[in-house]
Amino acid sequence: MNMPAISLRTWLCGLVLATPVLALAASPAPRSTYQVVSGDTLDKVIRKTMPDSPLRVEILRNAFVQQNPQAFTKSPPRSLMAGAVLNVPNHDDLLRSYTVPGQAAGNSGMNRGGGYSTADMNMSERKNWVRFP
């Protein structure tokens with residue numbers, strides 16, 4: 001056999017063997033789910049699915065509600081419906097978005113000094129501030 005045919009065959013074999021690996025790398029991480037049972041509250045679900053999370057519970061609650069609006073009652077107080085299947089938020093993505101400065105998803109306040117800036121207010125809110133000479 002000649003050299004170009006062997007090279008082509010080797011290249012095609014490598015491509016065939018690498019295809020499953022590339023497909024796994026390109027596919028999103030599998031989502032975990034949780035089925036709500038009678039008596040579950042959102043805080044119980046968070047404790048069961050994300051027990052070691054360093055994120056505040058308010059952040060985790062908001063993430064669950066945003067990803068699973070169908071699992072909550074429409075009227076206030078919003079409560080979980082038994083039998084609903086919840087998509088558990090990807091904890092690593094949440095952690096990255098709330099701890100890495102400069103990412104807009106979550107607006108963690110790290111770039112703003114932990115409070116609100118005066119640019120967020122209009123002048124009527126600032127008129128009663130105490131001013132020093």
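Read from the N terminus onward, the chain runs α-β-α-α-β-α-α, which amounts to 5 helices and 2 strands. Helices here are DSSP runs of H or I with at least four residues, strands are runs of E with at least two, and both are numbered from the N terminus. The model is a predicted one, in which local features need pLDDT of at least 70 and side-chain atom pairs count only at pLDDT 80 or more, while totals for chains, interfaces and linings use all residues. Residues are numbered from 1 along each chain as its sequence is written, and side-chain values rest on heavy atoms, with hydrogens and water left out.

A few overall values set the scene. The chain has 133 residues, of which 19% count as buried; buried stands for under 20% relative accessible area, exposed for over 50%, and partly exposed for what lies in between (1.4 Å probe, protein chains only). The accessible surface of the chain is about 10100 Å², and carbon and sulfur atoms hold 60% of that area. These areas were computed by the Shrake-Rupley method with a 1.4 Å probe, and for residues only the protein chains shown count as cover. Among contacts in the chain with a separation of 6 or more, 45% join residues 24 or more positions apart, a contact being heavy atoms within 4.5 Å.

The interior is a good place to look next. The largest nonpolar core comprises 18 residues, and F64, L80 and L86 touch the most other members. Such a core is a set of buried Ala, Val, Leu, Ile, Met, Phe, Trp, Tyr and Cys residues joined through side-chain atoms within 4.5 Å. Helices α2 and α3 each contribute at least two residues to this core, and α3 gives the most, with 4 residues. Setting aside neighbours within four places in sequence, L80 is in contact with V36, D40, T41, L42, V45, A71, F72 and L86.

Helix α2 spans residues 42–49, and its buried residues are L42, V45 and I46. Because these residues cover an arc of only 100 degrees around the axis, they sit on the same side of α2; the arc is taken over the directions from the helix axis to the C-beta atoms. The buried residues of α2 pack against β1 (33–35), α3 and β2 (85–87). Within this helix, I46 has a relative accessibility of 3% and so counts as buried. Beyond its neighbours within four places in sequence, I46 is in contact with P51, V57, L60, R61 and F64. The C-alpha atoms of I46 and V88 are 8.8 Å apart in space, although the two residues are 42 apart in sequence.

Helix α3 covers residues 57–67, and I59, L60, A63 and F64 are its buried residues. They cover an arc of only 135 degrees around the axis, so they share the same side of α3. The cover over the buried residues of α3 includes α2, β2 and α4.

The loop between α3 and β2 carries N68, a polar residue of some interest here. N68 is buried, with a relative accessible area of 0%. Its side chain reaches the backbone nitrogen of N87 at 2.7 Å, within the limit for a polar contact, which is a pair of N or O atoms within 3.5 Å; within protein, one must be able to donate a hydrogen and the other to accept it, and residues adjacent in sequence count only if both atoms are side-chain atoms. Apart from its neighbours within four places in sequence, N68 is in contact with V85, L86 and N87.Charged pairs complete the picture. The structure holds 4 salt bridges, each being a side-chain nitrogen of Lys or Arg within 4 Å of a carboxyl oxygen of Asp or Glu. Side chains of opposite charge can pair when their charged atoms come close. One of the bridges joins R61 and D43, with N and O 2.8 Å apart. This pair links distant parts of the chain, R61 lying in α3 and D43 in α2, 18 residues apart. R61 is partly exposed at 29% relative accessible area, and D43 is partly exposed at 27%. Another bridge pairs K48 with D40, the closest N and O atoms being 3.4 Å apart; D40 is buried, with a relative accessible area of 11%. In helix α4 (residues 91–99), D93 and R96 lie 3 residues apart, about one turn of the helix, and form a salt bridge with closest N and O atoms 2.8 Å apart. D93 is partly exposed at 39% relative accessibility, as is R96 at 44%.
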